[in-house]
Amino acid sequence: MDTINTNLPSGLMEAIRHFSDPNVCVETVAEVRWRRGPACPRCKSKRLSFLRTRLMWKCLDCKKQFSVKVGTIFEASAVPLDKWLVAMWMVANCKNGVSSYEIARALEVTQKTAWYMLHRIRYAMHHGTFDKMTEQVEADETFIGGKARNMHIGRRMAHIKGRGPMGKAIVFGLLDRHSGEVRTSVLTNRRKHCIQEQVHENVAGGAELFTDELKSYEGLDTEYAHQVINHAEAYVDGNVHTNKLENFWSLLKRAIKSTYVSVEPFHLYRYLDEEAFRYNERHDEDADRFRRVLESVSSKRLTWSQVTG
């Protein structure tokens, strides 16, 4: 390929202009994906010929052709890369998220296509890790779902019985005060074994753990320096609080209520991945957040049947 300026833009308008050239799109994805140059996805050969008219490579060993989309979240998509990259820029950098209807209008695709694109981008935003949090960690849970007073009386009577999380999804979160990293998961219940399993998987023994007075956290003081804040009395007691995690919950709920309006429990974990990504990368510039997502598109394939169940 010819040498093309692939320096990432700094804002949305500049990104739209920058990625309007198909050659720039292919070169940008190829540069981020193949640091040591492209390789055939079938035989791994690097003896390649670039087909300028098709913006594809041909392997000189196995004679197969492949594009930069193969083996990524873009694979088998008829949507051109210029629209994919602009959508990725918007999702990575819009603080309150961006709905499929907004993407559909901005990129001139159908809402169904935009919805599928967003789920694939959220899939790229997911970052699993085996590293445990080791210093000061906040733990808390919250409920995601419509308020009972806004429900039709028939639906309210069927789903809401007394107080608590009835009819809502339970989301659990951990926040490392030192790194500012947040991790989230969707729980089936708030019982001790369920919550403490998440704590043990993500927090190293001996770390300082701050929680509220929920009974499910009892017993963690044998492995952690566990301190509790009673929200019936105060929200902060010196260094003991869960305010940083509460701040993340407010960002999450604002995105869901104001942008997405309604999120099916089946897809909730993908929206958590999106919000956690933006929160964890909040100190970076827009271009850096975009690059982080682009670096994660490889070896991730999400089919329509997987998304729709």
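A residue counts as buried when its relative accessible area is under 20%. This predicted model offers a case in strand 8.

**His 226**

His 226 lies in strand 8. Its relative accessibility is 18%, so His 226 counts as buried. Which residues does His 226 touch, leaving aside its neighbours within four places in sequence? The contacts are Leu 209, Thr 211, Tyr 217, Leu 220 and Asp 221. With Thr 211 there is a polar contact, side chain to side chain, at 2.7 Å. Val 240 is 14 residues apart from His 226 along the chain, and their C-alpha atoms are separated by 9.8 Å.

**The sheet**

Strand 8 belongs to an open sheet of five strands, in the order 6-5-4-7-8. The pairing is mixed. Strand 6 (182-187) and strand 8 (225-228) are at the edges; each has a single partner strand, so one side of each lacks a neighbour in the sheet. From one strand to the next, the twist averages 20°.

Strand 7 (residues 208-211) and strand 8 run parallel, joined by four bridges. Phe 210 stands opposite Gln 227 of strand 8.

**Helices across the sheet**

Two helices lie across strands of this sheet, as tabulated here.

| Helix | Residues | Strands crossed | Angle |
|---|---|---|---|
| Helix 7 | 192-202 | strand 4 (136-144), strand 5 (169-176), strand 6, strand 7 | about 30° to strand 5 |
| Helix 9 | 268-280 | strand 4, strand 5, strand 6 | about 170° to strand 6 |

Strand 7 is among the strands under helix 7. Helix 9 lies across strand 4, strand 5 and strand 6.

Definitions and conventions
Residues are numbered from 1 along each chain as its sequence is written. This is a predicted model: local features need pLDDT of at least 70, side-chain atom pairs count only at pLDDT 80 or more; totals for chains, interfaces and linings use all residues. Side-chain values use heavy atoms; hydrogens and water are left out. Two strands pair if DSSP finds at least two bridges between them. Axes are lines fitted to C-alpha atoms, for helices over the stretch in contact, and angles run from 0 to 180 degrees between N-to-C directions. Contact means heavy atoms within 4.5 Å. Buried means under 20% relative accessible area, exposed over 50%, partly exposed in between (1.4 Å probe, protein chains only). A polar contact is a pair of N or O atoms within 3.5 Å; within protein, one must be able to donate a hydrogen and the other to accept it, and residues adjacent in sequence count only if both atoms are side-chain atoms.
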